[in-house]
Amino acid sequence: MWRYLIRPILFLFDPERVHHVTMVVFVAFMKIAPLRWLVRRCTCIDDPRLRTQVAGIDLPNPIGLAAGFDKDARWFNALADLGFGHVEVGTLTGHAQAGNPKPRLFRLTKDQALINRFGFNNQGSVDAAAALRARRVHPILGVNIGKSKVVTNEDAVSDYLASLERVIDVARYITVNVSSPNTAGLRDLQEAASLRALLEAVSSRTTELAAAREIAPPPVFVKIAPDLDDDSLAAIVELAIDAGMAAIIATNTTISRSDLATDAAVVDAIGAGGLSGRPLTERSRAVVAYLYRVAAGRIPIIGVGGVMTPEDAWEMICAGASAVQIYTGFVYGGPLIVAQMNRHIRGQLEARGWEAVADAVGCEAGTSVTAAGAEAATDMGAA
Ligand SMILES: Cc1cc2nc3c(=O)[nH]c(=O)nc-3n(C[C@H](O)[C@H](O)[C@H](O)COP(=O)(O)O)c2cc1C
């Protein structure tokens, strides 16, 4: 019904508007107790084999919602009712900001992809933290923080720290986002010296704030781009471990436009932005496999990027992801996709006689994935 009726109707309209309207309607729908019960019955799978742990956090299942879907931390409880094991809200910035002019979200249906250049439109970390504090939070909630547009890269650290201070007591984990292509210069923060300074500052401030407030310090994750070569990826692993990061989230959207089925003139007309969905599948999986091998168990990887089907989710785990996040796969796959992914993962575990997701993590992070990674990295370089 989603693929042949609801999605074609929704896809007739402006993507950003559809996103907003469907979420408002869905949240209202989920306030009706019997409907919520029915939805949860279809989507939430409680099975001990799906439970998994990342950075000391117990997740009910490995499929999470990636950052950017619930930018202002408004809809996470209703989204959790679709079976997500965790929900990452944000990106929140120190200052409230409107983001880039519209239109800024585009569908590439032939490619099962999206291009967005939102530019961190959000109400800012002050308001979001207050809103979060005023509600009961049902899911495992991660808060993704980024740099405000008005703040220069030189002052980026203090902007991240301001947001950290506001959200530390409402976040089960914090993600430091240095990988969105839609804030000028943001990805330069992935360069070693800047990244080290930023991650060390966030890490030590987390420890200080947690001690002062007498709470357990939430683990801090770093989210990286897919458009990095192997040397940079390997350097980030070492740096993330040194700086006390508890996980790496790989990957954000790509700036590459290679191998798209959509007409080149259409893609050119859309212009700048981050590409997500099916064209990212192979690259993100290769990055995860590479990080997994370099990390060698020292830091877990959360795999995101082009996870469109239940099979993709399983393969991301096999490539080395301790947990998976989806965004575009949710838009194209619809509200039952999380349950379908979790059922498939459970089936794969059963078929192999494995007892837990952890048994599958990295089971196929072998050399063939490296080869794909090397090819994809070359493509990215050419793009
Ligand atoms: C419309 C849109 C908005 C996004 N906004 C953010 C964001 O604010 N912060 C962030 O870290 N990632 C953001 N992302 C990136 C996603 O979290 C994810 O890393 C990326 O889309 C790859 O996953 P996917 O192929 O499943 O979409 C956004 C992605 C999309 C499509």
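**Entry 1: the largest pocket**

I began with the lining of the largest pocket, whose residues I find divided into 29 nonpolar, nine polar and four charged. I note at the outset that I am working from a predicted model. For the volume of the largest pocket I have about 1,200 Å³. I then looked up which residues lie closest to the centre of this pocket, and of the 42 that line it these are Trp2, Ile6, Phe330, Gly334 and Pro335. Going through the secondary structure, I listed the elements that give two or more residues to this lining, and they are helix H1 (2-10), helix H2 (15-29), helix H3 (33-43), strand S5 (105-108), helix H12 (328-333) and helix H13 (337-352). I also asked which element gives the most to the lining of the largest pocket. I found that H2 does, with eight residues.

**Entry 2: the cavities**

I turned next to enclosed space, bearing in mind that rolling a probe the size of a water molecule over the atoms shows where empty space is left. I count four cavities of 30 Å³ or more in the structure, and for the largest cavity I note a volume of about 440 Å³. Of the 32 residues that line the largest cavity, I wrote down Ala67, Asn116, Asn252, Thr253 and Tyr327 as the closest to its centre. The elements that give two or more residues to this lining are S6, S11, strand S13 (321-326) and H12. By class, I have the lining of the largest cavity as 13 nonpolar, 17 polar and two charged residues.

**Entry 3: the ligand**

Where does the ligand sit? I find it in the largest cavity. The elements that I see giving two or more residues to the shell around the ligand are strand S4 (86-93), strand S6 (113-116) and strand S11 (274-277). I looked up the shell residue by residue, and of the 25 residues around the ligand, Ala67, Thr91, Lys223, Gly306 and Thr328 come nearest. Sorted by class, I have nine nonpolar, 14 polar and two charged residues in this shell.

I then followed the oxygen atoms of the ligand to their polar partners. I noted a distance of 3.0 Å between a ligand oxygen atom and an N or O atom in the side chain of Asn144, while for Thr251 I noted a backbone N or O atom 3.0 Å from an oxygen atom of the ligand. At Gly277 I again have a backbone partner, a polar atom 2.9 Å from a ligand oxygen atom. Taken alone the ligand exposes 600 Å², and I record that the protein buries 98% of that.

**Entry 4: backbone geometry**

Last, I went through the backbone with a general point in mind, that most residues other than glycine have a negative phi and most peptide bonds are trans. I found a cis peptide bond joining Ala250 and Thr251, with omega about 15°, and I placed Thr251 in the loop between strand S10 (247-250) and helix H9 (264-270). I link this entry to the previous one through Thr251, which has a backbone N or O atom 3.0 Å from an oxygen atom of the ligand.

A cis peptide bond also joins Lys102 and Pro103, with omega about -5°, and I located Pro103 in the loop between S4 and S5. I closed with Ala73, for which I note a positive phi of about 55° although it is not a glycine, and which I find in the loop between strand S3 (63-65) and helix H4 (76-80).

How values were computed:
Residues are numbered from 1 along each chain as its sequence is written. This is a predicted model: local features need pLDDT of at least 70, side-chain atom pairs count only at pLDDT 80 or more; totals for chains, interfaces and linings use all residues. Side-chain values use heavy atoms; hydrogens and water are left out. A residue is near a molecule or strand if one of its heavy atoms lies within 4 Å of it. A polar contact is a pair of N or O atoms within 3.5 Å; within protein, one must be able to donate a hydrogen and the other to accept it, and residues adjacent in sequence count only if both atoms are side-chain atoms. Accessible areas come from the Shrake-Rupley method with a 1.4 Å probe; for residues, only the protein chains shown count as cover. On a 1 Å grid over the protein atoms alone, a cavity is a set of points where a 1.4 Å probe fits but cannot get out, and a pocket is an open set with protein on both sides within 12 Å along at least five of seven lines; lining residues have an atom within 4 Å of a point. A molecule sits in a cavity or pocket if more than half of its atoms lie within 2 Å of its grid points. Helices (H or I, at least four residues) and strands (E, at least two) are DSSP runs, numbered from the N terminus. Ala, Val, Leu, Ile, Met, Phe, Trp, Tyr, Cys and Pro count as nonpolar, Asp, Glu, Lys and Arg as charged, and the others, Gly among them, as polar. Grid points are joined across faces, edges and corners, and a volume is the space filled by probe spheres set on the points.
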